[in-house]
Amino acid sequence: MKKEAILPLLLVTSISFETIAKEAFGAIDKARIADSTVTMVKLDAAVINAINSGGSGDGTADSLDLKANFGAVGDGVADDTDEIQAAMDSGAKIIVPPGVYLISGALKMNVITTIFEGVNATFKSTATRVINVFAGTSITGIKFEKVYLYFRQNHQNPGKFIVDRCSFLNGDYAIRGQVGRAGVGIEGEMPHNVQVTNCVFDNCSYGISGAFSDSVFSKNKMTNSPNRNIELNAGSDNLISHNWIDSGVTGICLMMSNSYTQRKPINRNIITNNRVSNISEEAISLDIHGDTAADSGSRITGTVSSIDASRSARIVPSFTLAANAYTHYYVQFLTGRARGQTHLITGMGAGGTRYLEIPTADKNLIGVSDKFTVHIGCVGNVIANNIVKKAQTGITAYGTGTETIIEGNHVEDCTGTGILIRSLYNVQAGGYGIVSNSLVQGNVVVNCELAADIISFGSSPIDVLSVGNKFQDNNVINGHIIYEYQYDDHLLIGNTATGSNENTPTTPADVFYFSSGVPFRRTKAVTGGKPTWAHATLAYDLFTGANSATKLGAADAGGSWKAVDGTWGISSNEAYSVSDVPGNIAVLPAVGTGNYIVSCVMKGDIDSSANRRRPALLFRYVDSSNFMLAYLEEGRVVIGKSDGGKTSVLASYPHLTVDNTWYSFKVICKDDIVKLSVNGVWVASHILEPAEYKKYGSAGQVGMRLSKSGSPSVAARWNNLIVEPLS
């Protein structure tokens, strides 16, 4: 509204005109005469002056004062919610003088020219409150206590919205970004050009979260988070740099969550020069999981039924296509000559001629019956020059990431894996999570592992093999390099590994793993081609023999099985105890003299004390009364022993237990050390006492054991038992 229309109206006796006055400037004096018919609104003289001058109350175009011009108190007792809202509605530059401003309800910033600049000022609430940021220019120098900024999906700014030198304390959230979805704004729209710099986040459950694009998050300090520090669920072309993060469940995470993404990818983000420490799970990660199967980044898997001959790279899948359901998602081929390739879906056809349009693909490489998966895009992200110390996993691409670059990072003292490239099968109700064509280069990993592998939450089909992940010129100190189930084994170039935190000395290019699912050892590097490989197993059995209710027969390598107690057999490529008697045992012949790695996947009825069938992996087996074992029971994973027939727990660790769910076990036996991982995470260890080492230390047999009580409803099953040498 033009200022000439306001000047004569120093006293207004109409409620409707009060609304007009608020819209004009929003500074309403609290001297009000309120009854059923009349409301008196007095415009502050300084506000009139500001309107006349086109700016602040002092006759300049600079600023207005939250206390002097809008009547805020700022004593931490008076409720200043209405005064702050009036200032936000003004569209002016607002100076927030020293004080504690109590907020009792939600606020809305929706004028693009609004600027808030604090001087030792705190916006505080006793319960979580939100400032909905629909528009604005900047917020600087303000402390927010239990108050968070929520950038809405249709956020507008004059090229950039700056949050600088602010503090966020004790909140469920601090800064959130919303993405539009059905019924909420424009689908896929999200805040953009937001810059969060030089801020402090303390005891915030989520520091920076949600969806942003073309934004910068830099030079922030984050401490004491009980949950996640920076977690983006959608958005591309963001820069996350020079942040200092200490404590929390995750440090920096790009988490694929379908309910947030609305088909929007997480592409081309740069995570660089951050320092992350004391993290209970992943310090820096790309993650496919989401919270539920419907949220997972993996959407659907099928095969090519036919190829549209009218144009290149149109495929008709084996599943039904709903209108535009997968436009802007990505196709990744799992089998065939296009295996490993990832392509954007640009269209789906109309009416009865549904197909997936993937114009960047070569139609001649695609064949009928080729298998593919459709997933949310996570392409071209860079994780470089970060320092990570003391996390469960340092840097990981977990089930998502194409053409990811992980370069020049220093990762140290992680309890699990330092840098991990991991593809997934059967993640979130059967989905695939593929990491492909990514580069891990020039990193230093200390006291932990560098690994590329696959985890299956069930059986492991060969079409899950990863493609094109390259490890080059990395230096691993006191750890391993593991390269397992990777299709392109020749992409291991120039890496070094020295020492081991597990007392298993390695040398440059020592034990790596090949794509078949059974470990191989590289015996000779061939310049310009693929190396030669030899089996690096002492024994293994994938139980692919004919079904039998009377015997296990011969293992794939390592001799024949011996049923020590009860009857054992094979059903659908899984071993089981046919006689179903507690304490049944089957073992393989001696595989060595105590130093080896044994792994196996197992499932059963494990989440009950009264009715159970718990499978156990036996190692360092002496006889049916004396052996060591690893197993899951209600809420924990256990390393145990049987001494003269009496079983006891040596070490345990809390772990989620779900009936009829596959768990992948790996046990390292090295001299007097036993170390156990479950689903790729090292969870428990035990150092043998001298008497224990004397009894079990040189025992070289491995096997399976059934624990049963009550009337369990789920069978116990074993699969993929592999024994590897350990020097």
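## Exercise 1. The largest cavity

**Task.** How do the residues of the lining of the largest cavity divide into nonpolar, polar and charged?

**Solution.** The lining holds seven nonpolar residues, two polar and one charged. This is a predicted model.

Step 1. List the lining. M602, K603, G604, I606, P615, Y631, L632, T661, Y663 and F665 line the largest cavity.

Step 2. Place them on the fold. β49 (596-603), β51 (626-633) and β54 (663-670) are the elements that each give two or more residues to this lining.

Step 3. Sort by class. Tyr and Pro count as nonpolar, and Gly counts as polar. On that basis the split is seven, two and one.

Step 4. Add the volume. The largest cavity holds about 50 Å³ of space. The model has four cavities of 30 Å³ or more.

## Exercise 2. The second largest cavity

**Task.** Which residues line the second largest cavity, and how do they divide by class?

**Solution.** Step 1. The lining consists of I288, Q332, H375, I376, C378, G399, T400, G401, T402 and I434.

Step 2. Four of these lining residues are nonpolar, six are polar and none is charged.

Step 3. The space inside is about 40 Å³.

## Exercise 3. The nonpolar cores

**Task.** Which residues touch the most other members of the largest nonpolar core?

**Solution.** Start from the general rule. In soluble globular proteins, nonpolar side chains tend to be buried together.

Step 1. The largest nonpolar core has 96 residues, and F116, F123 and F168 touch the most other members. Strand β7 (residues 138-156) gives the most to this core, with six residues.

Step 2. Look around F123. Leaving out residues up to four places away in sequence, F123 touches L66, I84, V96, Y101, I103, F116, I131, I142, K143, F144, E145 and V147.

Step 3. Look for a second group. Another core, of 42 residues, lies apart from the 96-residue one. Its members include A630, Y663, V674 and V702. Y663 is also one of the residues lining the largest cavity.

## Exercise 4. Helix α3 and its surroundings

**Task.** Why is helix α3 (residues 81-90) described as largely enclosed by the rest of the structure?

**Solution.** Step 1. Apply the cut-off. A residue is buried under 20% relative accessible area. In α3, T81, E83, I84, Q85, A86, A87, M88 and S90 are buried.

Step 2. Draw the conclusion. Eight of the ten residues of α3 are buried, so the helix is largely enclosed.

Step 3. Find the cover. The elements over the buried residues of α3 include β2 (75-79), β3 (93-96), β4 (99-102), β5 (107-109) and β6 (115-135).

Step 4. Check the helix end. G91 follows α3 and has a positive phi, near 75°.

Step 5. See how the covering strands pair. β2 and β4 run parallel over two bridges, with D75 opposite V100 in β4. β4 and β6 are also parallel, over four bridges. There, L102 stands opposite K124 in β6.

## Exercise 5. Two buried polar residues

**Task.** Are N229 and T327 buried or exposed?

**Solution.** Step 1. N229 counts as buried, at 3% relative accessibility. T327 counts as buried too, at 9%.

Step 2. Locate each one. N229 is in strand β16 (residues 228-234). T327 lies in the loop between β23 (314-317) and β24 (330-333).

Step 3. Compare sequence with space. N229 and G248 are 19 residues apart in sequence, with C-alpha atoms 6.7 Å apart. T327 and L344 are 17 residues apart, with C-alpha atoms 8.3 Å apart.

Step 4. List what surrounds N229. Beyond four places in sequence, N229 contacts Y206, G207, I208, M222, I245, S247, G248, T250, G251 and I279.

## Exercise 6. Following strand β29

**Task.** How many bridges join strand β21 (residues 275-287) to strand β29 (residues 387-398)?

**Solution.** Step 1. Nine bridges join β21 to β29, and the two strands run parallel. S285 stands opposite T396 in β29.

Step 2. Move on to the next partner. β29 pairs in the parallel sense with strand β31 (residues 410-412), over three bridges. V388 has V411 in β31 as its bridge partner.

Step 3. Step back to the whole chain. The chain has five helices and 58 strands. Of its 727 residues, 56% count as buried. Among contacts with a separation of 6 or more, 60% join residues 24 or more positions apart.

Key: Residues numbered from 1 in each chain as written. Predicted model: local features only at pLDDT ≥ 70, side-chain atom pairs only at ≥ 80, totals over all residues. Heavy atoms only, no water. 1 Å grid on protein atoms, 1.4 Å probe; cavity = no way out; pocket = protein on both sides within 12 Å on 5 of 7 lines; lining within 4 Å. Points joined across faces, edges and corners; volume = space filled by probe spheres on them. Core = buried A, V, L, I, M, F, W, Y, C linked by side-chain atoms within 4.5 Å. Buried < 20%, exposed > 50% of the residue type's maximum accessible area, 1.4 Å probe, protein only. Contact = heavy atoms within 4.5 Å. Pairing = 2+ DSSP bridges.
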